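Welcome! Please take a moment to look over the sequence and the model shown here, and then we can walk through the fold together.

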Amino acid sequence: MEWLSWRTVCCLSVLCTVLFLRPVEGIRFVIDREECFSHNVEYEGDTVHVSFVVIKADTPWHYSEEGVDLVVKDPNGAQVRDSRDKTSDKFEFIVQKRGVHRFCFTNKSPYHETIDFDVHVGHFSYFEQHAKDEHFAPLFEQIAKLDEALYNIQFEQHWLEAQTDRQAILNENMSRRAVHKALFESAALIVASVIQVYLLRRLFERKLGTSRV
C-alpha cells in the first residue's frame, strides 16, 4: 500500500509539472506577401487547433476587411484545410498522416500586416497499454483530459486577447482619423468665413463708390 501511494505521488508530481510548464505555441509576426510555418505532429488521429487574428496594418490610415489567406498542408503537400479572406479565424482538423505540417499565410494587401498565430496539437495517450497496475490507467487518462481541457482554455484566451488587441488598434485609428477630419473641417470653415468677409467688404466698397458718383 505504501508502494502504491509513493508511486501515485511521483506520477502526479511529474504530470502536474508537465501540465503547468507546457509551452504555448502562439507567435506574432509581420507579413509582407507570404509567410510559412512548420509544425511536427507525431501521431495520426491527433486534433490540431489553429487560430489567427490580423492585428493591424503598418499604416494608421489603412483599414480593410480583405483579410489574409491561410492554407494548411500535410507532409505529402496535400491541402488539409484553408481559410480565405479573413481577418480572424479559428478551426481544428484531425491529422490523417503524421509528420511536418505547413501553415502558409498570403497577404493580398499592399501593406505589411501584423498577425497573431497559434497552433495546438491535442493528443490523448492510452496509458493502459503501458501501465501494469489497472488502477492507474483511469487516473492517467483523466489527468491527460484535464491537461487538454486547460490548454484549450489557454488557446481560447489567446485568441480572444488577439481579437481585443485588433479592436483596440482599430478604435485608436478611427479616433485619430475623426480628430483629423474635425480639424480639417474647422480649418475649411475658417477659410470660408474669411473669404465671405472679404467678398462682403469688396461688395460694400463698390456700392459706396457707386453712390458717391
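**A tour of the fold**

Ala-57 has Glu-113 as its bridge partner in strand 8. That pairing is a good way in, and we will come back to strand 8 several times. Please keep in mind that this is a predicted model.

**The overall picture**

- The chain contains 2 helices and 8 strands.
- From one end of the sequence to the other, these elements follow the pattern α-β-β-β-β-β-β-β-β-α.
- There are 213 residues in the chain, and 31% of them are buried.
- About 14,300 Å² of the chain is exposed, with carbon and sulfur atoms supplying 58% of that area.
- If we take the contacts between residues at least 6 apart in sequence, 79% of them join residues at least 24 apart.

**The sheet that holds strand 8**

- Strands are arranged here in an open sheet of 4, with the order 1-8-3-6 and antiparallel pairing.
- Strand 1 and strand 6 (88-94) are the edge strands, and each of them pairs on one side only.
- From one strand to the next, the twist in this sheet averages 20°.
- Strand 1 (residues 27-31) is joined to strand 8 by 5 bridges in the antiparallel sense. As an example, Val-30 has Thr-114 as its bridge partner in strand 8.
- Strand 3 (residues 47-57) also runs antiparallel to strand 8, and 10 bridges join the two. Along with Ala-57 and Glu-113, a further pair of bridge partners is Val-50 with Val-119 of strand 8.

**A closer look at strand 8**

- How many of the residues of strand 8 are buried? The count is 10 of the 10 residues, so the strand is largely enclosed by the rest of the structure.
- In a regular strand, side chains alternate between the two faces of the sheet.
- You can follow two sets of residues here: Glu-113, Ile-115, Phe-117, Val-119 and Val-121 point one way from strand 8. Thr-114, Asp-116, Asp-118, His-120 and Gly-122 point the other way, and the residues of both sets are all buried.
- Thr-114, found in strand 8, is buried, with a relative accessible area of 13%. Setting aside neighbours within four places in sequence, Thr-114 is in contact with Arg-28, Phe-29, Val-30, Val-53, Val-54, Ile-55 and Lys-56.

**Asp-116, a charged-type name to look up in the model**

- Asp-116 is another residue of strand 8. Is Asp-116 buried or exposed? Asp-116 counts as buried because its relative accessibility is 5%, and the cut-off for buried is under 20%.
- The side chains of Asp-116 and Arg-28 are joined by a polar contact of 2.9 Å.
- Not counting residues up to four places away in sequence, Asp-116 touches Ile-27, Arg-28, Ser-51, Phe-52, Val-53, Ile-55, His-158 and Ala-162.

**Aromatic rings**

- The structure has 6 aromatic pairs.
- One of them is the tilted pair of Phe-103 and Phe-117, with 5.8 Å centre to centre and 55° between the planes.
- This pair links distant parts of the chain, as Phe-103 is in strand 7 (residues 99-107) and Phe-117 is in strand 8 (residues 113-122), 14 residues apart.
- Both Phe-103 and Phe-117 are buried.
- Phe-103 and Phe-117 also belong to one aromatic cluster, together with Phe-29, Phe-37, Phe-52 and Phe-105.

**The other sheet**

- Another open sheet of 4 strands has the order 2-7-4-5, and its pairing is antiparallel.
- Why does one side of strand 2 (34-41) and of strand 5 (79-86) have no neighbour in the sheet? Both strands stand at the edges with a single partner strand each, so one side of each is left without a neighbour in the sheet.
- The twist in this sheet averages 15° from one strand to the next.
- Strand 4 (residues 68-73) pairs with strand 5 over 5 bridges in the antiparallel sense. Leu-70, for instance, has Ser-83 of strand 5 as its bridge partner.
- Strand 5 also holds Asp-85. The phi of Asp-85 is near 50°, which is a positive value in a residue other than glycine.
- Asp-85 is partly exposed, with a relative accessible area of 40%.

Definitions and conventions
Residues numbered from 1 in each chain as written. Predicted model: local features only at pLDDT ≥ 70, side-chain atom pairs only at ≥ 80, totals over all residues. Heavy atoms only, no water. Phe/Tyr/Trp six-rings, centres within 6.5 Å; stacked < 30°, edge-to-face > 60°. Buried < 20%, exposed > 50% of the residue type's maximum accessible area, 1.4 Å probe, protein only. Polar contact = N/O pair within 3.5 Å; in protein donor to acceptor, adjacent residues only side chain to side chain. Contact = heavy atoms within 4.5 Å. Areas by Shrake-Rupley, 256 points an atom, 1.4 Å probe, with all protein chains shown as cover. Pairing = 2+ DSSP bridges. Axes fitted to C-alpha atoms, helices over the stretch in contact; angles between N-to-C directions.
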